[in-house]
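Here's a quick tour of a small set of features to look for as you turn the structure around. Have a look at it first, then read on.

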Amino acid sequence: MSNGSGYPQYQRRGAFGAGRGLLARAAPILIALVVAAVFAFKGCEDGPFGRKQVVALGLPEESRMGAQAF
């Protein structure tokens with residue numbers, strides 16, 4: 001198929017391919033964001049100055065690891 005200029009005319013497709021819906025393309029990103037938000041809110045504690053902070057280890061785990069390293 002030609003558009004009159006001698007060059008072939010190609011069908012334009014989106015970055016993720018034709019025929020896939022927006023939800024199907026965005027689902028992995030949305031799932032990752034939800035998982036990250038759950039982990040962030042689950043590990044939030046009040047810091048020493050009243051601000052929230054993400055803590056990966058609890059106080060008992062941290063004390064046990066410190067004693068083991070000592």
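Let's start with Gly58, which is partly exposed because its relative accessible area is 23%, and partly exposed covers the range between under 20% (buried) and over 50% (exposed). Keep in mind that you're looking at a predicted model. Here's the rest, topic by topic.

**Around Gly58**
- You'll find Gly58 in the loop that links strand 2 to helix 2 (59-69).
- Now look for Gly43: in sequence, Gly58 and Gly43 are 15 residues apart, while in space their C-alpha atoms are 8.9 Å apart.

**The whole chain**
- The chain has two helices and two strands, and if you walk along from the N terminus, the order of elements is α-β-β-α.
- How much of the chain counts as buried? Of its 70 residues, 3% do.
- About 6,700 Å² of the chain is exposed, and 63% of that comes from carbon and sulfur atoms.

**Helix 1**
- Helix 1 has 21 residues, so at 1.5 Å a residue it should span 30 Å. Its end C-alpha atoms are indeed 30 Å apart, which agrees with that expected span.
- Where is the kink in helix 1 centred? Look at Pro28: the kink there is about 35°.
- Ile29 also belongs to this helix, which covers residues 22-42.
- Ile29 counts as exposed because its relative accessible area is 54%, and the cut-off for exposed is over 50%.
- Ile29 doesn't stand alone, either: together with Leu23, Leu30 and Leu33, Ile29 makes a nonpolar surface patch of about 430 Å².

**The loop with Arg51**
- Arg51 sits in the loop between strand 1 (44-46) and strand 2 (52-54).
- Is Arg51 buried or exposed? With a relative accessible area of 63%, Arg51 is exposed.
- Leaving aside residues up to four places away in sequence, Arg51 touches Glu45 and Asp46.

Terms used: Residues are numbered from 1 along each chain as its sequence is written. This is a predicted model: local features need pLDDT of at least 70, side-chain atom pairs count only at pLDDT 80 or more; totals for chains, interfaces and linings use all residues. Side-chain values use heavy atoms; hydrogens and water are left out. Patches are made of residues with over 30% relative accessible area and no salt bridge: like charges are joined within 9 Å, nonpolar side chains (Val, Leu, Ile, Met, Phe, Trp, Tyr) within 5 Å. Accessible areas come from the Shrake-Rupley method with a 1.4 Å probe; for residues, only the protein chains shown count as cover. A salt bridge is a side-chain nitrogen of Lys or Arg within 4 Å of a carboxyl oxygen of Asp or Glu. Helices (H or I, at least four residues) and strands (E, at least two) are DSSP runs, numbered from the N terminus. Buried means under 20% relative accessible area, exposed over 50%, partly exposed in between (1.4 Å probe, protein chains only). The expected span of a helix is 1.5 Å times one less than its number of residues. The bend at a residue is the angle between axes fitted to the seven residues ending there and the seven starting there. Contact means heavy atoms within 4.5 Å.
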